[in-house]
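Subject: A structure for you to look at

Hello,

Here is the structure I promised to hand over. Please have a look, and then read on for what turned up in it.

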Amino acid sequence: MSTLIKNGLVITHAGSFEADVLIEGEKVSALGARGSNWVTDEVIDAIGKYVVPGGIDVHTHMELPFGGTFASDSFETGTRAAAWGGTTTIIDFAVQSKGSGLMEGWEAWMGKAEGKCAIDYGFHLILSDVNDQSLKEMDIAIGEGVSSFKMFMAYPGVFYSTDGEIFRAMQKAAENGATVMMHAENGIAIDVLIAQALERGETDPIYHGIVRKSILEGEATHRAIKLAELAGSPLYIVHLSALEALAEVTNARDEGLNVFAETCPQYLFLDLDDLGNGFEGAKFVCSPPLRDRAEGHQEALWSGLATNDLQVVSTDHCPFCFEDHPELGRQKRLGEGDFSKIPNGLPGVEHRVELIYHGAVTEERLSLERWVEVCSTTPARLFGLFPRKGTIAVGADADIVIFDPKRKHVLSAATHHMRTDYSCYEGMQIAGGVDSVFSRGRLIIAGDEYHGSKGDGKYLKRELNQHLV
Ligand code: DUC
Ligand code: ZN
Ligand code: ZN
């Protein structure tokens with residue numbers, strides 16, 4: 001099967017150029033000047049449209065067990081929704097349970113995803129039980145293509161690791177080249193503030209945002225950086241939301257350390273006020289929480305993306321239904337009367353590429369090349385997928401999005417494809433939109449039609465971090 005995408009403006013991290021793109025089988029086989037007369041099975045005219053590398057979302061949680069329930073998107077529904085929004089690769093988090101082996105977690109998540117995904121997928125591992133055996137198993141995981149391990153300074157009693165455990169894992173990562181990913185919030189102090197708030201009768205979702213102080217994200221980020229510096233391991237701060245944390249990452253990078261960070265659309269577009277309005281605010285409960293706009297976090301994050309103090313936008317897609325669900329039961333409503341019992345997480349995998357484009361162009365915050373870089377190229381490099389993914393080049397996988405800058409549409413639960421009964425962006429009008437999506441050479445989205453099927457997506461064995469200084 002061969003396809004010619006002609007007359008588009010190809011945008012990569014390195015620049016934009018008018019070119020025709022030839023796809024043969026699963027790969028890009030040539031780029032040529034417009035008007036090339038290659039003979040192919042299919043021809044797609046992309047005049048007036050952008051031709052960009054498929055989005056790579058390195059932070060999703062399909063089917064994650066959390067707070068007594070499970071994230072509502074399965075690998076099937078979540079990856080299909082991702083495809084609709086121009087994402088052609090996800091990296092999800094396999095979970096090591098306490099008392100179990102690290103590779104048991106990977107095998108369990110491989111089983112959940114096998115034969116289900118619409119797009120290619122890889123895994124990080126959540127390292128929640130640090131001991132001699134699981135540290136040894138990090139080497140085995142790397143051999144299976146899992147080159148990054150997430151640890152938590154938050155959620156005591158669940159995913160939480162002590163500083164000593166984190167430091168041991170970082171020492172191991174310094175040896176084997178893995179990247180340590182950190183949920184940087186001081187969960188011990190936050191738990192004190194949660195208990196005090198509940199004692200005062202402060203039970204609404206807004207208090208989730210009030211007790212999880214930005215200063216405690218800054219403190220944990222600082223601590224993670226110092227531990228990684230001492231151990232000599234690369235560090236990637238996940239879902240950075242606070243300007244205090246950004247300042248720590250900026251300083252570390254100025255010192256030449258291998259410290260990286262992502263933020264997510266919710267921290268750029270939404271804010272603490274969304275957690276108000278009684279229990280409706282539960283729709284916006286995630287950790288770290290949405291931040292107070294008056295404190296300047298959102299502006300700082302946009303600037304950080306522009307200046308490369310932040311390198312990636314991911315989603316932390318972890319959806320739960322607001323109303324009771326016939327199969328999933330109570331989800332967000334588990335926290336009625338106690339905000340600390342609201343499952344943490346938001347739906348987002350479908351809208352990242354479009355939202356960042358919207359923010360980039362409507363407010364002139366990022367160039368088109370930078371949009372591609374933070375949504376696709378740098379994620380590929382940091383997580384060992386480049387140049388197979390993350391660019392449009394001869395020999396790369398033909399994961400390609402045709403993006404229509406003139407398309408306008410409104411985000412809504414009524415039209416999105418994620419398996420949740422609400423949208424965090426209900427009614428928001430978006431500039432530009434996905435027109436067509438190729439996954440390894442197959443046209444899986446064509447306008448309003450889905451042509452893919454479950455199991456199209458393949459497991460990606462990833463290399464080590466390709467973006468170290
Ligand atoms: N934060 C969330 O909001 N959900 C899942 C886990 C996390 O760290
Ligand atoms: Zn997290
Ligand atoms: Zn997460």
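How are the donor residues of the zinc ion (ligand 2) spaced in sequence? The pattern is K-x32-H-x55-H. Before going further, please keep in mind that this is a predicted model.

**The zinc ions**

The protein donors behind that pattern are K150, through NZ, H183, through ND1, and H239, through NE2. These atoms lie 2.1 to 2.3 Å from the zinc ion (ligand 2). The site has four donor atoms, and the angles among them run from 84 to 129°. Why does the site count as irregular? To be tetrahedral, four donors need all their angles between 85 and 135 degrees, and the 84° here falls outside that range, so the tetrahedral label does not apply. For orientation, the ideal angle for four tetrahedral donors is 109.5 degrees.

A second site belongs to the zinc ion (ligand 3), which is coordinated by H59 (NE2), H61 (NE2) and D316 (OD). The distances there are 2.0 to 2.2 Å. Along the sequence, the donor residues of ligand 3 follow the spacing H-x1-H-x254-D. How far apart are the two zinc ions, ligand 2 and ligand 3? They are separated by 3.7 Å.

**Ligand 1**

Now to ligand 1. The residues around it are K150, F152, Y155, H183, H239, C286, S287, D316, C318, N344 and G345. You will recognise K150, H183 and H239 from the donors of ligand 2, and D316 from those of ligand 3. By type, the shell divides into four nonpolar, five polar and two charged residues.

Which polar atoms come into play? A polar side-chain atom of H183 is 2.9 Å from an oxygen atom of ligand 1. On the nitrogen side, a polar side-chain atom of Y155 lies 3.5 Å from a nitrogen atom of the ligand, and a polar backbone atom of N344 is 2.9 Å from a nitrogen atom of ligand 1. On its own, ligand 1 has 240 Å² of accessible area, and the protein covers 100% of it. The space that ligand 1 takes up is the largest cavity.

Enjoy exploring it!

Best wishes

Notes: Residues are numbered from 1 along each chain as its sequence is written. Chains are lettered from A and ligands numbered from 1 in the order in which they are written. This is a predicted model: local features need pLDDT of at least 70, side-chain atom pairs count only at pLDDT 80 or more; totals for chains, interfaces and linings use all residues. Side-chain values use heavy atoms; hydrogens and water are left out. A residue is near a molecule or strand if one of its heavy atoms lies within 4 Å of it. A polar contact is a pair of N or O atoms within 3.5 Å; within protein, one must be able to donate a hydrogen and the other to accept it, and residues adjacent in sequence count only if both atoms are side-chain atoms. Accessible areas come from the Shrake-Rupley method with a 1.4 Å probe; for residues, only the protein chains shown count as cover. On a 1 Å grid over the protein atoms alone, a cavity is a set of points where a 1.4 Å probe fits but cannot get out, and a pocket is an open set with protein on both sides within 12 Å along at least five of seven lines; lining residues have an atom within 4 Å of a point. A molecule sits in a cavity or pocket if more than half of its atoms lie within 2 Å of its grid points. Ala, Val, Leu, Ile, Met, Phe, Trp, Tyr, Cys and Pro count as nonpolar, Asp, Glu, Lys and Arg as charged, and the others, Gly among them, as polar. Donors are N, O and S atoms within 2.8 Å of the metal (3.2 Å for Na, K and Ca); water is not among the atoms, so sites may look incomplete. Four donors count as tetrahedral if all angles lie between 85 and 135 degrees; four count as square planar and six as octahedral if opposite donors are over 155 degrees apart and all others between 65 and 115; anything else is irregular.
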